[in-house]
Amino acid sequence: MPELPDVEGFRNVLQSCAKGRTIRRVDVRDPGVLHGVSARRLRDSLEGRRVTRAERHGKWLLARTGGPTLALHFGMTGLLLCADPDDAAEPHDRVLLTVGRDHQLRYRDQRKLQGLRLADDDFDVVRLLRDQGPDALTVDREEFEDVLASHRGRVKSVLIDQSALAGLGNLLADEILWRAGLRPNTPANVLAEPERRRLYTEMRRTLRPAVAACRVPPRPTWLTGHRDDPDPHCPRCGTHLRRTRMAGRTTVWCPGARRRGVRAADDFETTARRARAGSGSR
DNA sequence: CAGATTGTTCTCAT
DNA sequence: TATGAGAACAATCT
């Protein structure tokens, strides 16, 4: 589940739950989620330290302490929540961090595909993020277009390749390509300038509401709202949606006419904006 | 029971 | 060197 918007939500959880508070207790209930660090060393490194900053790069969440940094990755099913330390933990709560007097961060994950790491210092953080591309939420248009121009692979593969661009997952990539009216199997480096520009614009237009919702919202006007339908149709043009496999992931796309669909989407957003502005000013 | 899953990483082939 | 396919990882659901 967790893609950039979800992790951005977890960053807010981390921020509001722990920022400025001291880590009083580290309770590793399942060491299976720890990577490269023992439960003991994690505890000894973190207990007594204060959480100073919550940062995110791509799908990585970082809890800075001024000394070591806790790095969290949520795989497909992970999440972070803030609870009362007195509330009973659930079976999939793998690590509990009691912060301050009455807050507790809980790393919960049904599976254990990813997990927690400890970076001893800032060099370690750099090492951890070394292979990550620019963050999808903050990358500027020029750099984004450079990413496209420098990859010959299919544009969908490039969008979900964390070393090319960090943060997008399977749902977001399909959603953004659909909005931009581009086929996922197009080689990234053959996209013309207007297409590259459109892709960047639609990435931003998709990310903004997704981050606000802390997920890719399955709205009726979005591809994501229909991709799991038994007989999925395009919410813009009604064309029967195609499901294929690309880069090992289920890929949903609309084989219908393209420019028309893009305008329809633009019109929808513009109309919605006007409606809001109108109702607000009257 | 087979097959699927919104993530990453590795191996092998092209 | 770059890219793609497939498997592996863990746990659950259809």
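**View 1. His 92 meets the backbone of DNA strand C in this predicted model.** An N or O atom in the side chain of His 92 sits 3.5 Å from a phosphate oxygen of DNA strand C. Lys 112 also reaches a phosphate oxygen of DNA strand C, with a polar side-chain atom 3.0 Å away. Arg 154 uses its backbone instead: one of its backbone N or O atoms is 3.2 Å from a phosphate oxygen of the strand.

A quick word on reading these views: the model is predicted, so local features need pLDDT of at least 70 and side-chain atom pairs count only at pLDDT 80 or more, while totals for chains, interfaces and linings use all residues. Residues are numbered from 1 along each chain as its sequence is written, chains are lettered from A and ligands numbered from 1 in the order in which they are written, and side-chain values use heavy atoms, leaving out hydrogens and water.

**View 2. The protein surface around DNA strand C.** Which residues are near DNA strand C? They are His 92, Gln 110, Arg 111, Lys 112, Leu 113, His 151, Arg 152, Gly 153, Arg 154, Ser 157 and Ala 247 (near means that a heavy atom of the residue lies within 4 Å of the strand). Of the atoms of DNA strand C that come within 4 Å of the protein, 75% belong to sugar and phosphate. Sorted by type, this surface has 2 nonpolar, 5 polar and 4 charged residues (Ala, Val, Leu, Ile, Met, Phe, Trp, Tyr, Cys and Pro count as nonpolar, Asp, Glu, Lys and Arg as charged, and the others, Gly among them, as polar).

**View 3. Where domain 1 and domain 2 of chain A touch.** Domain 1 covers 4–128 and domain 2 covers 141–262, with bounds taken from an automatic or database domain assignment. The contact takes 9 residues from domain 1 and 12 from domain 2 (contact means heavy atoms within 4.5 Å). Together the domains bury about 760 Å², 71% of it on carbon and sulfur atoms (buried area is the accessible area, with a 1.4 Å probe, that two parts lose on being put together, summed over both). On the side of domain 1, Leu 4, Pro 5 and Lys 59 lose the most area to domain 2, together 61% of what that side buries. How many salt bridges cross this interface? The rule finds 0.

**View 4. A salt bridge between Asp 93 and Arg 108.** The closest N and O atoms of this pair are 2.5 Å apart (a salt bridge is a side-chain nitrogen of Lys or Arg within 4 Å of a carboxyl oxygen of Asp or Glu). Asp 93 belongs to strand β6 (residues 93–99) and Arg 108 to strand β7 (residues 103–109), so the pair ties together parts that are 15 residues apart in sequence. Strands (E, at least two residues) and helices (H or I, at least four) are DSSP runs, numbered from the N terminus. The rule counts 24 salt bridges.

**View 5. Thr 77 in its loop.** Thr 77 is found in the loop between β4 (69–73) and β5 (78–83). Its side chain makes a polar contact with the side chain of Asp 109 at 2.4 Å, and the side chain of Thr 77 also reaches the backbone nitrogen of Arg 111 at 3.3 Å. A polar contact is a pair of N or O atoms within 3.5 Å; within protein, one must be able to donate a hydrogen and the other to accept it, and residues adjacent in sequence count only if both atoms are side-chain atoms.
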